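Me: Please take a close look at the salt bridges in this model. Work from single pairs outward, and tell me how each partner is placed. Then add what you can about the cysteines and the ligand site.

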Amino acid sequence: MEQSDPFAGGDVAYLRDVQYRDSTKLAARARLHAAYGRGDWFPWWATQVPWPGNPTVLEVGCGAGWAWAEAMAQIPPGLHLTLTDLSQGMLDEALARVTATNHYESVVGRVADAQDLPYDDDSFDLVVSNHMLYHLPDPARGVAELARVLRPDGVAAVVTNGEAHLRELWALQEDVFPGSPGADNYLRVFGLETGEPMLRAAFGSVELTRYPDQLRCTDPGDVLAFITSTPPADTAGPDAIDALRVAVDDAFARGGGVFEISKDVGLFICRP
Ligand SMILES: C[S@@+](CC[C@H](N)C(=O)[O-])C[C@H]1O[C@@H](n2cnc3c(N)ncnc32)[C@H](O)[C@@H]1O
C-alpha cells in the first residue's frame with residue numbers, strides 16, 4: 001500500500017513546524033549542491049530572470065532568502081521585495097539576511113500560504129517560486145495564485161526538479177526503506193514534467209531552461225546528511241540509519257571513493 005508523504009503535496013503542519021521550522025534541514029541539502037556541483041546556482045538563476053526596470057517582486061516560499069543574498073551581483077538594485085513563506089522561522093531568517101545586504105530598495109515579509117496569497121490581483125511585476133510548488137496539496141491552485149497576483153505585463157519565474165534529479169541518491173534510500181514514498185513522489189506533484197502542463201494552463205507563454213550540473217561527491221557524510229534531512233530517514237531509528245550508512249559507504253566504495261549523482265533542475269519563465 002502506498003504510504004503518504006508529508007514532504008510532497010502536503011502535510012502543512014509537518015512542513016511548517018518540522019521540515020522548515022528553520023533552515024537546518026534545507027541547508028544540509030544545499031550543502032551537497034554547493035560542495036560538489038558548479039556552486040553557482042543562485043547567480044545562474046539570476047542571470048536567466050528577465051528583470052523588469054524598478055519592479056515590485058514577490059517570492060512565494062522564500063525559505064531563508066538565499067537567492068537575494070547569494071545572487072546580489074547579478075540582481076539589479078532598485079527592487080521592492082516582498083518575501084513570503086509558510087514558516088515564520090524561515091521568513092525571519094530571510095528578512096534578516098536580505099535586509100542586511102542593503103542591496104534592495106525595500107524588503108518586507110509576511111507569513112503566507114502559497115495557495116491563498118494575501119495580495120490583490122495584478123500586484124507584482126515579477127513573481128518568484130523556487131523549489132516550492134511540489135510541497136502544495138493543490139499545486140495547480142498555487143500556480144493560479146502566482147498568475148493572479150502578477151501584473152498583465154509581468155513575469156513569473158518558477159523553479160523545480162525533473163525526473164532524473166538525484167536518482168542515484170534516492171535509489172540508496174529506496175534500498176534501505178523499500179516502499180517508502182520516494183523522490184518521484186514530489187516530482188509527481190510538481191516536477192519539470194508534471195508542472196509544465198499546470199503552468200501552461202495558467203500562463204500564455206512558458207519557456208523552460210535547464211541548469212546543467214552534476215555532483216561528484218567525495219564525503220559519504222554529506223550524502224547521509226542529505227538523505228536524513230527528509231522523510232522517512234529524518235525520523236528513522238538507529239538500526240535504519242546504520243543500514244543507510246552502510247548503503248552509502250558501499251556506493252562510495254563502488255566508485256573508488258567517489259559517488260556521482262545526476263541533477264535535473266530547470267527554470268520556467270512564464271508570461272500571462
Ligand atoms: C525547498 S524550500 C525553498 C526555499 C527557497 N525558495 C530557496 O530556493 O532557497 C521550500 C520552502 O517553501 C515553503 N513552503 C512550503 N509549503 C508552503 C506553502 N504552502 N506556502 C508557502 N510556502 C511554503 C517552505 O517553508 C520552505 O521555506
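Reply: E168 is partly exposed, with a relative accessibility of 25%. That value, like every other one here, comes from a predicted model. The partner of E168 is R167. Their closest N and O atoms are 3.9 Å apart. The cut-off for a salt bridge is 4 Å, so this pair counts.

Now take R216 and E260. They too form a salt bridge, with 2.9 Å between the closest N and O atoms. R216 belongs to strand β7, residues 214-217, and E260 belongs to strand β8, residues 259-262. The bridge therefore ties together parts that lie 44 residues apart in sequence. How open are the two ends? R216 is partly exposed at 49% relative accessibility. The upper limit of that class is 50%, so R216 stays inside it. E260 is partly exposed as well, at 36%.

Some bridges share partners. D121, E145 and R148 are joined into one network in this way.

What is the full count? The model has 13 salt bridges. One of them pairs the side chains of D125 and R151, at 3.0 Å from N to O. D125 sits in strand β4, which covers residues 124-130, while R151 sits in strand β5, residues 150-161. So this bridge links parts 26 residues apart in sequence. Is D125 buried or exposed? D125 has a relative accessible area of 17%. Buried means under 20%, so D125 is buried. R151 is partly exposed, at 28%. The general point is simple: side chains of opposite charge can pair when their charged atoms come close.

Next, the cysteines. Go back to strand β7, the strand of R216. C217 is placed there too. C217 is buried, at 0% relative accessibility, whereas R216 is partly exposed. For a sense of distance, compare C217 with Y186. They are 31 residues apart in sequence, and their C-alpha atoms are 23 Å apart in space.

How many disulfides does the model have? The count is zero. C270 is a clear case, since its nearest cysteine sulfur, that of C62, is 19 Å away and the cut-off is 2.5 Å. C270 is buried, with a relative accessibility of 0%.

Last, the ligand site. Which residues are closest to the ligand? They are G61, D85, D113, A114 and N130, out of 20 that surround the ligand. By class, this shell holds 11 nonpolar residues, six polar ones and three charged ones.

Three polar contacts deserve a look. All involve nitrogen on the ligand side. For L86, a backbone N or O atom lies 3.3 Å from a ligand nitrogen. D113 contributes a side-chain N or O atom, 3.1 Å from a nitrogen of the ligand. A114 uses a polar backbone atom, and the distance to a ligand nitrogen is 2.8 Å. Taken alone, the ligand exposes 600 Å², and the protein buries 97% of that area.

Methods
Residues numbered from 1 in each chain as written. Predicted model: local features only at pLDDT ≥ 70, side-chain atom pairs only at ≥ 80, totals over all residues. Heavy atoms only, no water. Near = heavy atom within 4 Å. Polar contact = N/O pair within 3.5 Å; in protein donor to acceptor, adjacent residues only side chain to side chain. Areas by Shrake-Rupley, 256 points an atom, 1.4 Å probe, with all protein chains shown as cover. Nonpolar A, V, L, I, M, F, W, Y, C, P; charged D, E, K, R; others polar. Buried < 20%, exposed > 50% of the residue type's maximum accessible area, 1.4 Å probe, protein only. Helix = DSSP H or I, 4+ residues; strand = E, 2+ residues; numbered from the N terminus.
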